[in-house]
Amino acid sequence: EAGKLEAQIDALERRLAAEQLGQRQAWVSSDRARRRAREQVLSQARIVCTTLGSSKELACQSSLGFPVVIIDEASQAVEPQVLVPLALGSCRRCILVGDPMQLPATVLS
């Protein structure tokens, strides 16, 4: 009886491992497809709008460069945030838009 239960547990563990591997492979495949689609859309775009925070994802996952970067609400941004979109490669001009009379950038930790 105990041997039968152990065999069933082993079989279930193998099925679980196979299922987990299949799910992992499906996730990797869908992630690759999503990245390819994003690259295709971005490579054909004339204008790309993003937040400073999400521009990090573009910098890390994209081979794109932008000749002009416009940063809105620049008076609210801290310098490291502004450097991320500039690091996207071929930036020849950076335009900072903001009202210096508004509240300064605030970092809370």
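**Close-up views of a predicted model**

**View 1. Cys-94, a partly exposed cysteine.** In this predicted model, Cys-94 has a relative accessibility of 34% and therefore counts as partly exposed, a class that lies between the 20% limit for buried residues and the 50% limit for exposed ones. A disulfide is a covalent bond between the sulfur atoms of two cysteines. The structure holds 0 disulfides, because no pair of cysteine sulfur atoms lies within 2.5 Å.

**View 2. Cys-49 and the centre of the largest pocket.** Cys-49 is exposed, because its relative accessible area of 74% is over 50%. The largest pocket encloses about 640 Å³ of space, and its lining is made up of 26 residues, of which Val-48, Cys-49, Val-68, Val-69 and Ile-70 are the closest to the centre.

**View 3. Elements and residue types in the lining of the largest pocket.** At least two lining residues come from each of α2 (55–61), β1 (68–71) and α3 (79–86), and β1 gives the most, with 4 residues. By residue type, the lining of the largest pocket comprises 17 nonpolar, 6 polar and 3 charged residues.

**View 4. Gln-76 in the loop between β1 and α3.** Gln-76, which is found in the loop that lies between β1 and α3, has a relative accessible area of 34% and is therefore partly exposed. Although Gln-76 and Asp-99 are 23 residues apart along the chain, their C-alpha atoms are separated by 8.7 Å.

Methods:
Residues are numbered from 1 along each chain as its sequence is written. This is a predicted model: local features need pLDDT of at least 70, side-chain atom pairs count only at pLDDT 80 or more; totals for chains, interfaces and linings use all residues. Side-chain values use heavy atoms; hydrogens and water are left out. Buried means under 20% relative accessible area, exposed over 50%, partly exposed in between (1.4 Å probe, protein chains only). On a 1 Å grid over the protein atoms alone, a cavity is a set of points where a 1.4 Å probe fits but cannot get out, and a pocket is an open set with protein on both sides within 12 Å along at least five of seven lines; lining residues have an atom within 4 Å of a point. Grid points are joined across faces, edges and corners, and a volume is the space filled by probe spheres set on the points. Ala, Val, Leu, Ile, Met, Phe, Trp, Tyr, Cys and Pro count as nonpolar, Asp, Glu, Lys and Arg as charged, and the others, Gly among them, as polar.
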